[in-house]
Amino acid sequence: MKKIIGLDFGTTNSAIAVATEDRNVRLAKFSHSDDSTTCRSVLYFNEKNRKKDGKPNALVGQDAIDAYLDSETPGRLIQSTKSYLTSRTFTKTLLCNTPYTLEELIAIIIEKLRKEAEKQFGDIGTSVVVGRPVNFSGANSKEDENFAISRLTLAVKKAGFNDITFEFEPIGAAYYYEKQLDHDELVLIGDFGGGTSDFSLIHLGPTMRKNNTTRILGNDGVALAGDTFDSRIVRNLVAPHLGFKSSYKSFDKVLDMPYWIYEKLSRWHHVSFLKTQENMTTLRELKGQALEPKKIEALISLIKEDLGYKLYGAVEKTKVNLSSKEKSDFIFREILPFIEETVVRKDFDNWINKDIQAITDCVNRLLSNCGISNKDVDSVFLTGGSSFVPAVRKIFQQQFGAEKLRGGEELTTVAKGLALRGLDRFSS
């Protein structure tokens, strides 16, 4: 029986699904957990961990995280590679004295997904439907979008797939939701990833599928989501403990600590970039001039000891807690002095208020461009980890009514739906 692959390569998590002609869809599971159907989109390189030919043996997903946390030998944890697809400055990076292109790094992750699927489902062929955001993070033009697609195409080919179709990620989620319908609906799909929030308006249901008519009314997206919310917590809660908005003396002047340091600190995949000889020299000089030197010492320790992943683990835990609780303790004891704070949801909502407004504007723009009013929408299907954030859900509750909100399998709906989409694409 023919198999079609759906690949959801995400900024934070990835998943791969296999669909057969009877429209049965299964997700590959990953070895670190019997029930985990997602793989963290991270890589770890270590000088001691090499192949027989001497090249670095890159670890992927939870294996990468475990090695990074346990290793006594310094290594590099590579995160959020998807966020760099539009960057023309990211061409190559040196890891364990071996050069890698961005496409090669992404291919390592995708190849891991493919091999895990093959272990569980046998030969899966070389045809794949790959999810893509409506607007790539960092894209400012059509040329940027095309550049990102060309790089992602090369990475997918390097991972062993030849027949590649790209589909918007919210359309993948729509195909998953459609399996649940025994009637026709006009549905607003919201897919909230690590780097982007994407939306589609689409007619779904048995009649539309049977007639094979044009069903997608429109798509739109904005390049902010879960990672952006994390960055607001870092900026407002963590960074002040590390010298943000503090001062240093330069000759007879009192100056603010350089903003660029905390801009990189606010993005978890940029923290490791602070650990250059030039940056560390700058920080040590600033410490000697700082009015609050212990804060800069803590920042130096964070960067020197590669504690960025642990920091963002604490940040993510706080964010998740605030999705179900009115307040959460933030605890980070990897540096001195410890950072221990209580965060109330109201403050978090204020920190992300501009982001919520940008998401709201995106949804309204899509509806307006399609000539659709709120009351015309039959249901709203939300997927992705940040769909649980109360301030995000409030957008849709207020505009469409809580009774119209739908969800389920928030981290894997896109992969499943992409595989189902592929059945229609490759059979037509």
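**Reading strands, cores and backbone angles**

Author: In this predicted model, helix H2 (residues 102–121) lies across strands S5, S6 and S7, running at about 110° to S5.

Reader: In what order do S5, S6 and S7 stand in their sheet, and which are the edge strands?

Author: The three strands form an open sheet in the order S6-S5-S7, with antiparallel pairing. The edge strands are S6 (59–60) and S7 (75–79), each of which pairs on one side only. Between S5 (residues 42–46) and S6 there are two bridges, and in one of the pairings Tyr-44 has Leu-59 of S6 as its bridge partner.

Reader: How should I read the side chains of a strand such as S10, and are its residues buried or exposed?

Author: The general idea is that in a regular strand the side chains alternate between the two faces of the sheet. In S10, Ser-127, Val-129 and Gly-131 point one way, while Val-128, Val-130 and Arg-132 point the other way, and all are buried. Because six of the six residues of S10 (residues 127–132) are buried, the strand is largely enclosed by the rest of the structure.

Reader: Which strands pair with S10?

Author: Strand S1 (residues 3–8) runs parallel to S10 and is joined to it by three bridges, whereas S11 (residues 163–168) pairs with S10 in the parallel sense over six bridges. Val-129 can be followed in both pairings, since it is the bridge partner of Gly-6 and is itself partnered by Thr-165 in S11. Together with helix H3 (residues 142–158), S10 and S11 make a right-handed β-α-β unit.

Reader: Which residues have the most contacts inside the largest nonpolar core?

Author: They are Leu-188, Tyr-262, Phe-330 and Phe-396, in a core of 71 residues. Tyr-262 touches, among others, Arg-235, Leu-242, Phe-244 and Ile-296, when residues up to four places away in sequence are not counted. A second, separate core has 40 residues, including Phe-45, Tyr-84, Ala-155 and Val-156.

Reader: What should I look for in the backbone angles?

Author: Most residues other than glycine have a negative phi, and most peptide bonds are trans. Arg-23, in the loop between S2 (13–20) and S3 (25–27), has a positive phi near 65°, and Cys-96, in the loop between S8 (92–95) and S9 (98–101), has a positive phi of about 55°. At 24% relative accessibility Arg-23 counts as partly exposed, while Cys-96, at 13%, counts as buried.

Reader: Where is the cis peptide bond?

Author: The cis bond joins Leu-336 and Pro-337, with omega about -5°, and Pro-337 has its place in the loop between S17 (327–332) and S18 (339–344).

Technical notes
Residues numbered from 1 in each chain as written. Predicted model: local features only at pLDDT ≥ 70, side-chain atom pairs only at ≥ 80, totals over all residues. Heavy atoms only, no water. Buried < 20%, exposed > 50% of the residue type's maximum accessible area, 1.4 Å probe, protein only. Helix = DSSP H or I, 4+ residues; strand = E, 2+ residues; numbered from the N terminus. Pairing = 2+ DSSP bridges. Right-handed = clockwise from strand over helix to strand, strands pointing away. Core = buried A, V, L, I, M, F, W, Y, C linked by side-chain atoms within 4.5 Å. Contact = heavy atoms within 4.5 Å. Axes fitted to C-alpha atoms, helices over the stretch in contact; angles between N-to-C directions.
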